[in-house]
Amino acid sequence: MESSPRITTTHPVGRYALGVDWSDGHDSILPYRHLRLHCPCDACSSGRADGSLVVGPELQLESLELLGERSAFLRWSDGHETLFLLAELRGLCRCAYCIGEPERPITGS
């Protein structure tokens with residue numbers, strides 16, 4: 001198993017989530033709202049702390065650009081930009097396996 005999985009492909013999942021296929025065979029579905037609420041920038045972090053960060057259902061991911069093998073740059077429909085280390089992005093996966101409940105998968109494998 002790789003210590004730091006890389007992204008092999010990404011794709012939209014409906015209108016509200018990002019699908020990520022990882023080099024170790026794992027796949028994640030990351031809702032846009034979840035990604036944005038976990039943006040590590042100072043503005044979003046302070047907005048979470050004071051309750052002013054509001055993410056509506058109209059939020060869309062405009063683009064995702066991989067920067068080397070360790071980070072991803074996301075551009076949002078409201079003009080905001082987010083930089084995630086791939087380890088941080090993988091840490092946002094909430095599938096049964098990643099949250100420690102592999103006996104309760106939502107999908108088949």
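In this predicted model, strands β1 (residues 7-13) and β2 (residues 17-22) run antiparallel and are joined by six bridges. One point of reference along this pairing is T9, which stands opposite D21 in β2. The hairpin formed by β1 and β2 has three residues between the strands, and G14 takes a positive phi near 65 degrees there.

The next strand along continues the pattern. β2 and β3 also run antiparallel, here joined by five bridges, and L18 has L30 in β3 as its bridge partner. The connection is again a hairpin, this one with four residues between the strands, and G25 in the turn shows a positive phi of about 95 degrees. G25 belongs to the loop between β2 and β3 and is exposed, with a relative accessible area of 64%. For readers who like to place this loop against a distant part of the chain, G25 and E103 are 78 residues apart in sequence, while their C-alpha atoms are 18 Å apart in space.

Taken together, these strands make up an open sheet of three strands, ordered β1-β2-β3 and paired antiparallel. The edges are occupied by β1 and β3 (27-31); each has a single partner strand, so one side of each is left without a neighbour in the sheet. From one strand to the next, the twist averages 20 degrees. The two faces of β3 can be told apart: S28 and L30 form the covered face, whereas D27, I29 and P31 form the uncovered one. L30, on the covered face, is also the residue that bridges to L18.

A second sheet can be described in the same manner. It is open, has three strands in the order β4-β5-β6, and its pairing is antiparallel. Here β4 (61-67) and β6 (81-85) stand at the edges, and because each has a single partner strand, one side of each is left without a neighbour in the sheet. Neighbouring strands of this sheet are turned against each other by 20 degrees on average, direction ignored.

Within this sheet, six bridges join β4 to β5 in an antiparallel arrangement, with R75 in β5 serving as the bridge partner of S63. β4 and β5 form a hairpin that has three residues between them, and G68 in its turn has a positive phi of about 70 degrees. On the other side of the pairing scheme, β5 (residues 71-76) and β6 pair in the antiparallel sense over five bridges, and S71 stands opposite L85 in β6.

Two threonines offer useful close-ups of the strands. T82 has its place in strand β6 and has a relative accessible area of 0%, so T82 is buried. The side chain of T82 makes a polar contact of 3.0 Å with that of W76. T10, by comparison, lies in strand β1 and is partly exposed, with a relative accessible area of 34%. T10 also links the description of one sheet to that of the other: T10 and L64 are 54 residues apart in sequence, yet the distance from C-alpha to C-alpha is 8.4 Å.

Attention turns finally to the empty space. Rolling a probe the size of a water molecule over the atoms shows where such space is left. The second largest pocket has a volume of about 180 Å³. Its lining consists of 10 residues, of which S4, P5, E69, R70 and L86 lie nearest the centre of the pocket. Helix α3 (residues 86-91) gives the most to this lining, with three residues. In chemical terms, the lining of the second largest pocket divides into four nonpolar, two polar and four charged residues.

Methods. Residues are numbered from 1 along each chain as its sequence is written. This is a predicted model: local features need pLDDT of at least 70, side-chain atom pairs count only at pLDDT 80 or more; totals for chains, interfaces and linings use all residues. Side-chain values use heavy atoms; hydrogens and water are left out. Two strands pair if DSSP finds at least two bridges between them. Axes are lines fitted to C-alpha atoms, for helices over the stretch in contact, and angles run from 0 to 180 degrees between N-to-C directions. On a 1 Å grid over the protein atoms alone, a cavity is a set of points where a 1.4 Å probe fits but cannot get out, and a pocket is an open set with protein on both sides within 12 Å along at least five of seven lines; lining residues have an atom within 4 Å of a point. Grid points are joined across faces, edges and corners, and a volume is the space filled by probe spheres set on the points. Ala, Val, Leu, Ile, Met, Phe, Trp, Tyr, Cys and Pro count as nonpolar, Asp, Glu, Lys and Arg as charged, and the others, Gly among them, as polar. Buried means under 20% relative accessible area, exposed over 50%, partly exposed in between (1.4 Å probe, protein chains only). A polar contact is a pair of N or O atoms within 3.5 Å; within protein, one must be able to donate a hydrogen and the other to accept it, and residues adjacent in sequence count only if both atoms are side-chain atoms.
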